[in-house]
Amino acid sequence: QWQLVQSGGGLVQPGGSLRLSCAASGFTLEHFAIAWFRQVPGKEREGVSCLTSKNEHTYMDDSAKGRFTISRDNSKNTVHLQMDNLKPEDTAVYFCAAEGLCPGVDYIYWGQGTQVTVSS
């Protein structure tokens with residue numbers, strides 16, 4: 001069974017940092033493009049960042065540039081989203097995804113989502 005299991009997230013004060021992780025089972029992540037999306041209630045899911053299968057290209061939404069970093073650890077079959085200097089507007093449910101186009105929104109495999117709340 002192919003699945004993505006997320007960890008990380010939680011409550012952090014503005015200016016703080018969090019690292020989200022997404023572990024794959026049943027398939028090898030390094031063969032696929034990977035992405036992170038986020039969604040707030042009442043709004044459409046939006047792309048935050050993605051990385052092509054051979055790490056040739058990285059996409060980062062303007063809102064995250066200079067603050068977020070996407071990476072993959074092939075030895076652990078895991079992808080990460082390091083989020084620094086977090087802002088209240090980063091509050092959302094974050095999803096990882098695999099096997100799609102970077103940039104793009106049509107991914108086949110999705111994590112379960114994890115809440116990130118930035119608040120003082």
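In this predicted model, a good place to start is the loop between β5 (46-51) and β6 (58-60), where N55 is found. N55 is not a glycine, yet its phi is positive, at about 55 degrees. From there, the tour below moves on to a second asparagine, a cis peptide bond, the pairing of strand β4, and two disulfides.

**Backbone angles worth a look**

- Most residues other than glycine have a negative phi, and most peptide bonds are trans.
- N55 departs from that pattern with its positive phi of about 55 degrees, and its relative accessible area of 39% makes this residue partly exposed.
- N85 is another residue other than glycine with a positive phi, here near 50 degrees.
- You can find N85 in the loop between β8 (78-83) and β9, where the residue is partly exposed, with a relative accessible area of 43%.
- A cis peptide bond, with omega about -5 degrees, connects C102 to P103.
- P103 sits in the loop that runs between β9 (92-98) and β10 (109-110).

**Strand β4 and its partners**

- Strand β4 covers residues 34-39 and is mostly covered, with five of its six residues buried.
- One partner of β4 is β5: the two strands pair in the antiparallel sense over five bridges.
- Within this pairing, I34 stands opposite L51 in β5.
- β4 and β5 also make a hairpin, with six residues between them.
- In the turn of that hairpin, G42 has a positive phi of about 85 degrees.
- Another partner of β4 is β9, which runs antiparallel to β4 and is joined to it by six bridges.
- Here W36 stands opposite C96 in β9, and C96 comes up again in the next group as a disulfide partner of C22.
- As general background for looking at these strands, side chains in a regular strand alternate between the two faces of the sheet.

**The disulfide between C22 and C96**

- A disulfide is a covalent bond between the sulfur atoms of two cysteines.
- The structure has two of them, and one is formed by C22 and C96, with sulfur atoms 2.0 Å apart.
- This bond ties together distant parts of the chain, since C22 belongs to strand β3 (residues 18-25) and C96 to strand β9, 74 residues apart.
- The torsion about the S-S bond of C22 and C96 is about 60 degrees, so this disulfide is right-handed.
- C22 is buried, because its relative accessible area of 1% is under 20%.
- C96 is buried as well, with a relative accessible area of 0%.

**The disulfide between C50 and C102**

- C50 is joined to C102 by a disulfide, with an S to S distance of 2.1 Å.
- Distant parts of the chain are linked here too: C50 lies in strand β5 and C102 in the loop between β9 and β10, 52 residues apart.
- The link of C50 and C102 is right-handed, with 80 degrees about the S-S bond.
- Both of these cysteines, C50 and C102, are buried.
- C102 is also one of the two residues at the cis peptide bond, the other being P103.

**How the cysteines pair up**

- If you number the bonded cysteines of the protein in sequence order, the pairing reads 1-3, 2-4.

How values were computed. Residues are numbered from 1 along each chain as its sequence is written. This is a predicted model: local features need pLDDT of at least 70, side-chain atom pairs count only at pLDDT 80 or more; totals for chains, interfaces and linings use all residues. Side-chain values use heavy atoms; hydrogens and water are left out. Helices (H or I, at least four residues) and strands (E, at least two) are DSSP runs, numbered from the N terminus. Buried means under 20% relative accessible area, exposed over 50%, partly exposed in between (1.4 Å probe, protein chains only). Two strands pair if DSSP finds at least two bridges between them. A disulfide is a pair of cysteine sulfur atoms within 2.5 Å.
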